[in-house]
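The following paragraphs guide a new reader through a protein structure, from its overall form to individual side chains. Please keep the model in view while reading.

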Amino acid sequence: MSKEVKPESVSLCPLDTAAAPVPELLCIFGTGDLGRSLGQRLLQSGYRVVYGSRRPHSCGPLPQGTQVMSHAAAAQSASLVFICIHREHYDVLETLAPELKGKVLVDVSNNLKKNLYPEANAEYLQRLVPGAHVVKAFNTLSAWALQNGPSDANRQVYLCGNSADAKQTVTEIATKLGFTALDRGSLSAARELEDFPLQLFPEWRLPLRLALGLTITFYVYEVVRDVVYGYVHQGKDISFRMMVSLPNKVFPTVSLIMLTLCYLPGVIAAFLQLYRGTKYKRFPDWLDRWMLCRKQLGLLALGFASLHVLYTLIIPIRYYVKFRIADSTVSQGKLNKTLEFDTTMAWRTDSYYAMGILGYAVYLLLGITSLPSVSNALSWREFSFIQSKLGYLTLFLCTFHTYLYGWNKFLIPYYYKWYTLPTYMLSLVLPSVVMVLRLLLLLPCVDRTLTRIRQGWERTDPEDDSKKSLLT
């Protein structure tokens, strides 16, 4: 058999036939980026690899230690074939149906958009080669992920197929490559697997929309209260404030609200369990979706807080600030006046900055521990302590920081322009409510009951007891 395939094969590196036992030989159709990366990873995992190509003698550089043959010769040499070619070129596989009969075909292809074809690529391949066992797998991994090995973000390999033996073979290969295989059922699930790579930040859509909506709403609100109000009532053009001053009010507002939204669903869930008296009833779907996107909400909140820090740091170098300081200095010099040192104001400003710095520091700690590479190194108790206990500490520090910013402004009518509340007051409503509700949950009588419920205890319903007594 080796004499037959020798004329149409090109060996990139002679194989050591004396080695025992002989590693398993796998075939790859396609010499593109994905095919080369997959072949390199298979070689590193102890497999022998042969490539099938339309142009065996001019297919470009391939991993050292592999062979390249024609499609027909490569298909005859291995019992498992990775199909790393686009669906548009599947017609060549139909002519190879006799050589591929009884073999396992691993379809790794994807489409450019959803519903591009009436049937999934893997189903189409199975129809072209009915005698083969098609398994959809490895399509959710990029060439980079295959070449560099599995990481926390792409450790899973989804697969589906109609043959249990074929899926078991692919599972063993995926495990040997360092991935975790997840069986999604029959080949009818192939379309779902092919749609996975086409999803653009599915878990981020709701948080991003919420962040964008809050940002636009509060920005327009501030433009009306500040710029429009100043032009209408004072005849001043202060539109330049739209670039730095107004965003520096909007960013901390959105950050504090989104941080609060990370912990509000947990509070709602706790009160819901107290009301029901059990943990075995499902939460509403909207609450489930809300709790699943808390990580994204927190990271976006940290991003807005970071923008607030950066915008605050450039305040001293702004032309408007320099002008105001110089004008105030000259005016006091002309009037021969000096300002007295206000100890109360010094305490207020120093406390305000201190709470902001501490809050942002713990904020960063929460963001760092949410990274998979860090969270995987923590025990569940450590992760829970940081994200829950320190999370509420962050919420308290940031809320207190905002209260110190407001100080006694709520007593001054000037800040209620057009009878509207300042943005910082609006941002304090939700976190203040969450902090109060959290304190209620910490009461010994409430905390004891909630702990028992989460340990499996269920409160008996008097109506159920009456019904049981009537039945007995």
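About 27300 Å² of the protein chain is exposed, and carbon and sulfur atoms supply 61% of that area. The structure is a predicted model, and every value given here is computed from it. Of the 472 residues in the protein chain, buried residues make up 40%.

The overall form comes next. The protein chain contains 20 helices and 9 strands. Its radius of gyration is 32 Å, whereas the globule rule gives 23 Å for 472 residues; the chain is therefore more spread out than a compact globule. Taken along the principal axes, the box filled by its C-alpha atoms is roughly 105 × 80 × 45 Å. Contacts also reach across the sequence: among those between residues at least 6 apart, 71% join residues at least 24 apart.

Records offer a way to divide the chain. An unreviewed UniProt entry assigns residues 27-111 the annotation "domain: Pyrroline-5-carboxylate reductase catalytic N-terminal". In the model this span is 33% helix and 22% strand, and its end C-alpha atoms lie 23 Å apart. The unreviewed UniProt entry also carries the annotation "domain: Ferric oxidoreductase", covering residues 253-398. What is the helix and strand content of residues 253-398? The span is 82% helix and 0% strand, with its end C-alpha atoms 10 Å apart.

For "transmembrane region", the UniProt record (unreviewed entry) lists residues 250-275, 296-321, 352-378, 390-408 and 428-446. Two of these spans may be described further. Residues 352-378 are 81% helix and 0% strand, and their end C-alpha atoms are 33 Å apart. Residues 390-408 are 89% helix and 0% strand, with 29 Å between the end C-alpha atoms.

Aromatic side chains provide the next level of detail. A search of the whole structure yields 16 aromatic pairs. One of them joins Tyr158 and Phe196: the ring centres are 5.2 Å apart and the planes meet at 70 degrees, and because an angle over 60 degrees counts as edge-to-face, the pair is placed in that class. Where in the chain do Tyr158 and Phe196 lie? Tyr158 belongs to strand S8 (residues 156-161), while Phe196 is in the loop between helix H9 (190-195) and helix H10 (205-234); the two are 38 residues apart, and the pair links distant parts of the chain. Phe196 has a relative accessible area of 22% and is partly exposed.

Another aromatic pair, formed by Trp380 and Phe383, is tilted, with 6.2 Å from centre to centre and 35 degrees between the planes. Both residues are in helix H17 (residues 380-406), and because they are 3 residues apart there, about one helical turn separates them. Is Trp380 buried or exposed? Its relative accessibility is 68%, so Trp380 counts as exposed. Phe383, by contrast, has a relative accessible area of 23% and is partly exposed. Elsewhere, Tyr352, Tyr353, Tyr405 and Tyr424 form one aromatic cluster.

Rings also meet charged side chains in this model. The charged end of Arg87 sits over the ring of Tyr124, at 4.3 Å from the ring centre. Arg438 lies over the face of Tyr392, and here the distance to the ring centre is 4.5 Å.

Loops deserve attention as well. Asp237 is found in the loop between H10 and helix H11 (247-276). With a relative accessibility of 59%, Asp237 counts as exposed. Asp237 and Val227 are 10 residues apart in sequence, and their C-alpha atoms are 7.3 Å apart in space.

The loop between H17 and helix H18 (423-441) holds Trp418. Although Trp418 is not a glycine, it has a positive phi of about 55 degrees. Trp418 counts as partly exposed at 37% relative accessibility. Tyr419 also lies in the loop between H17 and H18. Its phi is positive too, at about 60 degrees, although Tyr419 is not a glycine. At 83% relative accessibility, Tyr419 counts as exposed.

How values were computed: Residues are numbered from 1 along each chain as its sequence is written. Side-chain values use heavy atoms; hydrogens and water are left out. Rings of Phe, Tyr and Trp (its six-membered ring) pair if their centres lie within 6.5 Å; planes under 30 degrees apart count as stacked, over 60 as edge-to-face and the rest as tilted. Helices (H or I, at least four residues) and strands (E, at least two) are DSSP runs, numbered from the N terminus. Buried means under 20% relative accessible area, exposed over 50%, partly exposed in between (1.4 Å probe, protein chains only). A charge sits over a ring if NZ of Lys or CZ of Arg is within 6 Å of the ring centre and within 35 degrees of the ring normal. The radius of gyration is taken over C-alpha atoms; the globule rule is 2.2 Å times the number of residues to the power 0.38. Contact means heavy atoms within 4.5 Å. Accessible areas come from the Shrake-Rupley method with a 1.4 Å probe; for residues, only the protein chains shown count as cover. UniProt positions are given in the numbering used here, feature names are shortened, and annotations may be inferred rather than shown by experiment.
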